[in-house]
Amino acid sequence: MKKCKNCNAIIRDDDQYCRNCGILIQSKFYTILCNLFTILMIIGIIFFVLLFIASYIVE
């Protein structure tokens, strides 16, 4: 058993939603995957900004 992060109600391990407040319970794998995707997106944006700046410096 674990607790809901929103309302602190006790939820079962196989529940997908909190029975008290209805919030979606995300698995640890899903949370890690979302965090990894966010980090990769930030790295990609930084890369393209640096590439854009470098293209003006070269000219």
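**Reasoning about exposure, salt bridges and surface in a predicted model**

Mentor: In this predicted model, R12 counts as partly exposed, at 37% relative accessibility.

Trainee: What makes R12 count as partly exposed?

Mentor: Buried means under 20% relative accessible area and exposed means over 50%, with partly exposed in between. The 37% of R12 falls between those limits, so R12 is partly exposed.

Trainee: How do you know that D14 forms a salt bridge with R12?

Mentor: The closest N and O atoms of D14 and R12 are 3.8 Å apart. The criterion asks for a side-chain nitrogen of Lys or Arg within 4 Å of a carboxyl oxygen of Asp or Glu. The pair therefore qualifies as a salt bridge.

Trainee: Why is D14 called exposed?

Mentor: D14 has a relative accessible area of 60%. Exposed means over 50%, so the term applies to D14.

Trainee: How many salt bridges does the structure hold, and which residue meets R12 and R19 in this way?

Mentor: The structure holds three salt bridges. D15 meets R12 at 3.5 Å, N to O, and R19 at 3.2 Å, N to O. Both values are within 4 Å, so both pairs satisfy the criterion.

Trainee: Are D15 and R19 buried or exposed?

Mentor: D15 has a relative accessible area of 12%, which is under 20%, and is therefore buried. R19 has 61%, which is over 50%, and is therefore exposed.

Trainee: What makes R12, D14, D15 and R19 one network?

Mentor: Their salt bridges share partners, and this joins the four residues.

Trainee: What makes the phi of N8 worth noting?

Mentor: Most residues other than glycine have a negative phi. The phi of N8 is near 65°, a positive value in a residue other than glycine. N8 lies in the loop between strand 1 and strand 2 (10–11). Its relative accessible area is 52%, over the 50% limit, so N8 is exposed.

Trainee: Which residues form the nonpolar patch on the surface, and how is I42 classed?

Mentor: The patch consists of I42, I45, I46, V49, L50, F52, I53, Y56 and I57, with about 940 Å² of accessible area together. I42 lies in helix 1. Its relative accessible area is 46%, between 20% and 50%, so I42 is partly exposed. A patch residue needs over 30%, and I42 therefore passes that limit also.

Trainee: How far apart are M1 and L50, and what makes M1 exposed?

Mentor: M1 and L50 are 49 residues apart in sequence and 47 Å apart in space, C-alpha to C-alpha. M1 lies in the segment before strand 1. The relative accessible area of M1 is 69%, over 50%, so M1 is exposed.

Trainee: What is the volume of the largest pocket, and which residues are closest to its centre?

Mentor: The volume is about 270 Å³. Of the 13 lining residues, K3, K5, L24, I25 and Q26 are the closest to the centre. Strand 1 (2–3) and helix 1 (28–58) each supply at least two residues of the lining. By class, the lining divides into five nonpolar, four polar and four charged residues.

Notes:
Residues numbered from 1 in each chain as written. Predicted model: local features only at pLDDT ≥ 70, side-chain atom pairs only at ≥ 80, totals over all residues. Heavy atoms only, no water. 1 Å grid on protein atoms, 1.4 Å probe; cavity = no way out; pocket = protein on both sides within 12 Å on 5 of 7 lines; lining within 4 Å. Points joined across faces, edges and corners; volume = space filled by probe spheres on them. Helix = DSSP H or I, 4+ residues; strand = E, 2+ residues; numbered from the N terminus. Nonpolar A, V, L, I, M, F, W, Y, C, P; charged D, E, K, R; others polar. Patch = residues over 30% accessible without salt bridge, like charges linked within 9 Å, V, L, I, M, F, W, Y side chains within 5 Å. Areas by Shrake-Rupley, 256 points an atom, 1.4 Å probe, with all protein chains shown as cover. Buried < 20%, exposed > 50% of the residue type's maximum accessible area, 1.4 Å probe, protein only.
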